[in-house]
Each structure stands twice: as structure tokens, then as C-alpha cells.
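This report concerns aromatic contacts, charges over rings, and pockets in a protein model.

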Amino acid sequence: MKKINKLIAGVASAAMIVTAFSACGSASSSGKKLDFITGMATGSVHLKTLQSITDEFEKANPGVEINLIPASQDFTNDIKVRLAAKNAPDLWNTHGWSRDRYAKFLEPLQNRSWASKMKPITKEAFMEDDGTFYALPLDIQVTGVLYNKDVLDKVGVDPNELNTWDEFNDACQKVKDAGLTCVVAGGKDTAIAGDLADLTASSWYNDGELKKLQKGKFDSSVYQKESGLIEGWAKKGYFNPDYTSATQDDIEKLMANGQAAFYFRSNLHASQIQTFNSNVNLGFMATPTESGDRYVTLGEDWAVGASKTGKNKDIALKYIDFLAKPANMTNLTKMTNNDSALKGVNVNLGKINDTYNYWVNEKSSKTVPFFDRMYLPDGMWDTLCKSTDGLITGQLNAKSAADQMSTNFTTMWAKKNA
């Protein structure tokens, strides 16, 4: 499970276009300019927060410049290009893959002064069996299902009682009967459909079936249950009717204005929903399952690693240590509306704080890893998104979607192990 994934096939050829990035340079003539590929959008609250903290670091370290590089259309490919060309950035956002994709490129961090503050919950997502880890998590992504409390109160649904998918489906029918949308998704960004599938897929697999996936064996009949759940929601009209044309803003407005009940995405989106209605009444719940054994999905979210071959590695590590200071970590978790991966950090998740604490801390809900990261070979995210989109639009049925996943799984597994 801890095996480092090979970089996707063909990345070496991407090095041929590395000149497009070499102009950035990993160091200035003074040797104190560092490149940090952030994965954060230009103008976003995430980049603004990181820039503010970085400004403070630069003030405390005259002559040092941390060049925060915003996300491009595909910042993960930017990283792969530079790694293939042996021109690694000094720092980069590992976006969920510090251990399983980038470990051999990153400086191990388990001996840093703050390392002992890593919460036990981070072991599954970040650490090797011996405790080695390679990135500072700016937060920890513990994801369930976001819901509008007022909508559920209106239709008489208690989210704490939605243990099975049958119970969830009954709740959806009540929401629909009230003239509202049960589950929101937007076809303008198929990643929303991908997240929906990613967060619900684990509910259909037992331990033995998951082990088969890790050995390269994809059972279409199991995944067909996952596809059938989503196909059923589409056929019964539980999705927003404007799915095909809906943007992320469109569906988050539905959640904000009390027109929809459930949203299968990370806690970050609770904050985004509030930008459309500051009085919205949101909650967080663990994901239902076929058996009723609910879970939350755990994984690396925003995290920063330092190149083990960087010319300014000592400065890069000093910068990571600065980010790890409790005051800075508090600000970083606020920007994502996620919990902190480090002990001793004040965290308040705002609208969802109490319900999050109930499921994660009081009930100690079972945790599962992000399905695509742990059980699907690299390169399958696009198929996961498109097959789920096809289910919602009716272009695919449960069997054809599962067959599409199976075919791509076999292809990507062969490439991974070539």
C-alpha cells in the first residue's frame, strides 16, 4: 500500500518542453530565491493567505524570496515536467501524493521540530509504515457529506439517522416531494461528479475486494453497485434539473438558498456556500453505506514538501518550519475550512463545527482513504469523472459505466507496471 507510484507513462517525453518552465529558475544569482508551485489559483483566498504568511517569513529572513507560483491549467503536469527534467521546484504542493507519488523526490520531514505534533489520524494518508513522511500538511481533509439543515428540518429528516443508502434514498424522496433538490452536482465541471463517486465508492467494497483492487483486479460487479446508486438518483430526479449547464457557483447557490439538501464535496465548499448566504445553516455528516457502518473519507489536502536535491534546501525547510507555527497553521486551516493535521492548533470550522465534531471526534467514525488515490492506478481520475457524468446525464447505465471503469483500470494498471 505504501509503494511509491511511478510517474505516469510518457512523463519523460514531457521534459522536452521543460524550457517553458526553466525560465522560472529554482534560484537567483544570490542563491536565495526559491520556487514554490502552490497549486493555488491566482486571486484565491488560499494564495492570498499563503502570500501573507510568506511575506512575514521574508521579512524575518532578509535576502530570501519565496516565489509563489499560482496554479496553471494543470499544475500537476508542471511538477512532473520539472521532475522529469531534473529541475525540481524547491517547494511544491503535493496535492494528495506526497508519499505515494513524490516520496523519492522529497526531503523526509519526520525529524523536524514540529513532527511530533502530527495527529494519529494523519498516519494513513501521509506516513510510511516506519513513520517517515514527506510533506507538512497545511490541513487534513476529513470529508463526509455537507447538508442544509433547514431543508432537512423542513422535510422531517434527521441526518444522524441516515445510516444506510436505503434511508438516504427515502430522505431524497421527501426532499423531492417538497419541490427541492436532494443531491447537487454540476456538469460544467465533471470533477464535481468525480468527487461524488470518489466519496461514495468505498461504501460498496469489503476488505477482500479492496485488496484485489490493489493487486490489479477490478471486479465490475462490485463497482456496478456504486454506479447503480448514482444511476438511481438520476432516474428518480434527485439531482438538480439543470445539471448539464450548472456551474459550481450555480449548485452552491442552491445549497446556500435552501433549495437543495446534500453536497458530496470537501469542507472547503462549506465556506464557499456561505459566500452566497452568510446565514445558511449547514451541517456535516458521515457517509452512509449499504450496511449502515458510516465513514468519513480521509486524505492529504494542501501539503508542502521540499525537494531533497534543491540548492536551497536548508531555506526551504526553514520556510516549512515557519508555516508549521501554530498561528500560521490556524490561518491556513481557516482558508480551507478543514481540521489541522497538527496538535495544538486552534481550529473552528464555522457552520459545520459542531456536526463535524460529533461525527469525527465524539463518534470516532471509521475513516477510509480517498478511493481513487488508494485503489485506482494513476490516470483514472478522468475516467471516474466522465463515467459518473454519463450516469447523471443518462448517457451510461450502471453496467456500461462499470465496464468503462474496468477497461480503463486494466489499461492504466498495465502502464503502471510496465
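The sections below treat ring pairs, charged groups over rings, and the pockets in turn.

## Aromatic pairs

The model is predicted. Across the whole structure, 19 aromatic pairs are found. One of them joins tryptophan 233 and phenylalanine 264 in a tilted arrangement, with 5.8 Å centre to centre and 35 degrees between the planes. This pair connects distant parts of the chain, the two residues being 31 residues apart. Tryptophan 233 belongs to helix H10 (residues 220-235), whereas phenylalanine 264 lies in the loop between strand E8 (260-263) and helix H12 (268-274).

Tryptophan 233 has 1% relative accessibility and therefore counts as buried. Phenylalanine 264, at 2% relative accessibility, likewise counts as buried. A pair of another geometry is formed by tyrosine 358 and tryptophan 359: their planes stand at 80 degrees, so the pair is edge-to-face, and the ring centres are 5.2 Å apart. Tyrosine 358 is partly exposed, with a relative accessible area of 27%, whereas tryptophan 359 is buried at 3% relative accessibility.

## A cluster of rings

Trp233 and Phe264 also belong to a cluster linked by ring pairs. The other members of this cluster are Trp165, Phe168, Phe239 and Phe262.

## Charges over rings

Arginine 101 is placed over the face of tryptophan 97, 4.3 Å from the ring centre. Arginine 373 has its charged end over the ring of phenylalanine 370, at 4.7 Å from the centre of that ring.

## The largest pocket

The largest pocket encloses about 1,700 Å³ of space. Its lining comprises 50 residues, and those closest to the pocket centre are Phe75, Thr76, His95, Arg373 and Trp381. By class, the lining contains 17 nonpolar, 18 polar and 15 charged residues.

Several elements each supply at least two residues of this lining. Among them are helix H4 (75-84), strand E5 (140-143), helix H8 (191-200) and H12. Helix H16 (371-375), helix H17 (381-393) and helix H18 (398-416) contribute on the same terms.

## The second largest pocket

The volume of the second largest pocket is about 420 Å³. Of its 22 lining residues, Tyr205, Asp207, Leu210, Lys366 and Val368 lie nearest the centre. Helix H9 (207-214) and strand E12 (366-369) are the elements that give two or more residues to this lining. The largest share, five residues, comes from H9. The lining of the second largest pocket divides into eight nonpolar, seven polar and seven charged residues.

How values were computed: Residues are numbered from 1 along each chain as its sequence is written. This is a predicted model: local features need pLDDT of at least 70, side-chain atom pairs count only at pLDDT 80 or more; totals for chains, interfaces and linings use all residues. Side-chain values use heavy atoms; hydrogens and water are left out. Rings of Phe, Tyr and Trp (its six-membered ring) pair if their centres lie within 6.5 Å; planes under 30 degrees apart count as stacked, over 60 as edge-to-face and the rest as tilted. Helices (H or I, at least four residues) and strands (E, at least two) are DSSP runs, numbered from the N terminus. Buried means under 20% relative accessible area, exposed over 50%, partly exposed in between (1.4 Å probe, protein chains only). A charge sits over a ring if NZ of Lys or CZ of Arg is within 6 Å of the ring centre and within 35 degrees of the ring normal. On a 1 Å grid over the protein atoms alone, a cavity is a set of points where a 1.4 Å probe fits but cannot get out, and a pocket is an open set with protein on both sides within 12 Å along at least five of seven lines; lining residues have an atom within 4 Å of a point. Grid points are joined across faces, edges and corners, and a volume is the space filled by probe spheres set on the points. Ala, Val, Leu, Ile, Met, Phe, Trp, Tyr, Cys and Pro count as nonpolar, Asp, Glu, Lys and Arg as charged, and the others, Gly among them, as polar.
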